[in-house]
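Q: How do I read a model like this one, from a single side chain up to the whole chain?

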Amino acid sequence: ICHGQDDDLYPKYRWAVYHSKVKTSQTFLRDVSYIRPSALLLFGSDFTIHCVGGDRCVSLGGWMTVAVSPRSAALLRQLRYRFEDMIARRVKNASASMSAEDSEVLRVCTAVLEADAD
């Protein structure tokens, strides 16, 4: 997929986002970043939580699945809603100082993303 393949560039994460796609003799993606499952859950499309036969799954957009416990998925969803609310408030009033609750939401989002780095 990527020109100049190097094993160090391909982490264990199977999801990627890209800026543009170019088709010549082959299809090439430009500005590709591999992302962690927690980033998908926090910043991707809305997700539904479902468990089938004891499996731990979350469905994003109806076509992607990420394995996560139902409890963790529910907590991530609540964090996501708080993050989205914070962004909406900041857009309405960008000059307002950040509240303690907003700072805590950012701190927890950062902690979740850093914990998923392993």
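**Reading the model**

A: Start with one pair of side chains: those of Asp-102 and Arg-89 make a polar contact at 2.3 Å. Keep in mind that the model is predicted.

Q: Where is Asp-102 placed, and is Asp-102 buried or exposed?

A: Burial is read from the relative accessible area, with under 20% as the cut-off for buried. Asp-102 sits in helix 3, residues 100-115. Its relative accessible area is 4%, so Asp-102 counts as buried.

Q: Which residues is Asp-102 in contact with, leaving aside neighbours within four places in sequence?

A: Such a list leaves out what the chain brings together locally. For Asp-102 the list holds Met-86, Arg-89 and Arg-90. Arg-89 is also the partner in the polar contact described above.

Q: What does the same reading give for Phe-83: which element, and buried or exposed?

A: Phe-83 belongs to helix 2, which spans residues 70-92. With a relative accessible area of 16%, Phe-83 is under the 20% limit and is therefore buried.

Q: Which residues does Phe-83 touch, not counting those up to four places away in sequence?

A: Phe-83 touches Phe-43, Val-105, Leu-106 and Cys-109. Take Phe-43 as a case of sequence distance against spatial distance: Phe-83 and Phe-43 are 40 residues apart in sequence, while their C-alpha atoms are 9.2 Å apart.

Q: How are the strands of the open sheet ordered, and what is their pairing?

A: A sheet is described by strand order, then direction, then edges. Here three strands form an open sheet in the order 5-6-7, with antiparallel pairing. Strand 5 (47-50) and strand 7 (64-66) are the edge strands, each pairing on one side only. Neighbouring strands in this sheet are turned against each other by 30° on average, direction ignored.

Q: How many bridges join strand 6 and strand 7?

A: Strand 6, residues 57-60, pairs with strand 7 over three bridges in the antiparallel sense. Within this region, Ser-59 stands opposite Thr-65 of strand 7.

Q: Which strands does helix 2 lie across?

A: Helix 2 lies across strand 5 and strand 6, and runs at about 160° to strand 5.

Q: What pattern does the protein chain follow along the sequence?

A: The pattern is β-β-β-β-α-β-β-β-α-α, made of three helices and seven strands.

Q: What do the totals say about burial, contacts and surface?

A: Of the 118 residues in the protein chain, 22% are buried. Among contacts between residues at least 6 apart in sequence, 43% join residues at least 24 apart. The chain exposes about 8,400 Å², and carbon and sulfur atoms supply 54% of that area.

Technical notes
Residues numbered from 1 in each chain as written. Predicted model: local features only at pLDDT ≥ 70, side-chain atom pairs only at ≥ 80, totals over all residues. Heavy atoms only, no water. Helix = DSSP H or I, 4+ residues; strand = E, 2+ residues; numbered from the N terminus. Buried < 20%, exposed > 50% of the residue type's maximum accessible area, 1.4 Å probe, protein only. Contact = heavy atoms within 4.5 Å. Areas by Shrake-Rupley, 256 points an atom, 1.4 Å probe, with all protein chains shown as cover. Polar contact = N/O pair within 3.5 Å; in protein donor to acceptor, adjacent residues only side chain to side chain. Pairing = 2+ DSSP bridges. Axes fitted to C-alpha atoms, helices over the stretch in contact; angles between N-to-C directions.
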